[in-house]
Amino acid sequence: MVHLSKEDFVQRCIAVHAVEPIRVRDEQSEDFDSSRVLTTEAEIREHAEQWYDAFVARNLAEEAQS
């Protein structure tokens with residue numbers, strides 16, 4: 001299993017986005033299936049950091065406790 005640091009994960013997301021643009025749910029649309037492409041590196045970074053914090057960091061903390 002590969003564990004990436006938060007910054008490594010963000011850099012990987014930026015690299016992936018260069019090949020296949022990352023889409024996120026458009027929170028401002030009333031259409032639940034509506035999505036938009038992240039357009040700036042700052043948006044990609046913010047999205048990746050939030051995802052990392054919500055899933056990876058939490059799971060690592062839970063592993064450490066068990």
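Which helix holds both Trp51 and Phe55, and about how many turns of the helix separate them? I began with this small point, and found that Trp51 and Phe55 both lie in helix α2, four residues apart, about one turn of the helix. I note at the outset that the model is predicted, and I read every entry below with that in mind.

**Entry 1: overall layout**

I looked up the secondary structure of the protein chain and found two helices and two strands, which follow one another in the order α-β-β-α from the N terminus on. I then checked how spread out the protein chain is: its radius of gyration is 14 Å, well over the 11 Å that the globule rule gives for 66 residues, so the chain is more spread out than a compact globule. The C-alpha trace, taken along its principal axes, spans about 40 × 25 × 20 Å.

**Entry 2: surface, burial and charge**

I asked next what share of the 66 residues of the protein chain counts as buried. The value I noted is 20%, while the exposed area of the chain comes to about 5200 Å², of which carbon and sulfur atoms supply 52%. For the contacts, I considered those between residues at least 6 apart in sequence, and recorded that 44% of them join residues at least 24 apart. For the charges, I noted 7 positive and 15 negative ones in the protein chain, with mean positions that are 2 Å apart.

**Entry 3: aromatic pairs**

I searched the whole structure for aromatic pairs, and the search finds three. One of them is formed by Phe9 and Tyr52, which I recorded as tilted, with 5.7 Å from centre to centre and 45° between the planes. Why does this pair tie together parts that are apart in sequence? Phe9 lies in helix α1 (residues 6-19) and Tyr52 in helix α2 (residues 41-65), so the pair ties together parts that are 43 residues apart in sequence. I checked the accessibility of both partners: Phe9 is buried at a relative accessible area of 17%, and Tyr52 also counts as buried, with 9% relative accessibility.

I then returned to the residues of my opening question, since Trp51 and Phe55 form an aromatic pair too, again tilted, at 5.0 Å centre to centre and with 35° between the planes. Are these two rings buried, exposed or partly exposed? Trp51 counts as partly exposed at 36% relative accessibility, and Phe55 counts as partly exposed at 37%. Taking the ring pairs together, I noted that they link Phe9, Trp51, Tyr52 and Phe55 into a cluster.

**Entry 4: His17**

I placed His17 in helix α1 and asked which residues His17 touches, not counting those up to four places away in sequence. The list I wrote down is Ile22, Val37, Leu38 and Ile44. With a relative accessible area of 14%, His17 is buried, since the cut-off for buried is under 20%.

**Entry 5: Ser34**

I looked up Ser34 and found it in the loop between β1 (23-25) and β2 (35-37). Is Ser34 buried or exposed in this loop? Ser34 counts as buried, at 18% relative accessibility. Leaving aside neighbours within four places in sequence, I listed Val24, Arg25, Asp26 and Ser29 as the residues with which Ser34 is in contact.

**Entry 6: two further positions in helix α2**

I turned to Val56, which lies in helix α2 and is partly exposed, with a relative accessible area of 22%. How far apart in space are Val56 and Gln11, C-alpha to C-alpha? I noted 15 Å for this pair, whose members are 45 residues apart in sequence.

I closed with Ala54, whose place is also in helix α2 and which is partly exposed, at a relative accessible area of 31%. From Ala54 I looked to Glu43, eleven residues away along the chain, and recorded a separation of 16 Å between the two C-alpha atoms.

Key. Residues numbered from 1 in each chain as written. Predicted model: local features only at pLDDT ≥ 70, side-chain atom pairs only at ≥ 80, totals over all residues. Heavy atoms only, no water. Rg over C-alpha atoms; globule rule 2.2 N^0.38 Å. Buried < 20%, exposed > 50% of the residue type's maximum accessible area, 1.4 Å probe, protein only. Contact = heavy atoms within 4.5 Å. Areas by Shrake-Rupley, 256 points an atom, 1.4 Å probe, with all protein chains shown as cover. Lys, Arg positive; Asp, Glu negative; His and termini not counted. Charge placed at Lys NZ, Arg CZ, Asp CG, Glu CD. Phe/Tyr/Trp six-rings, centres within 6.5 Å; stacked < 30°, edge-to-face > 60°.
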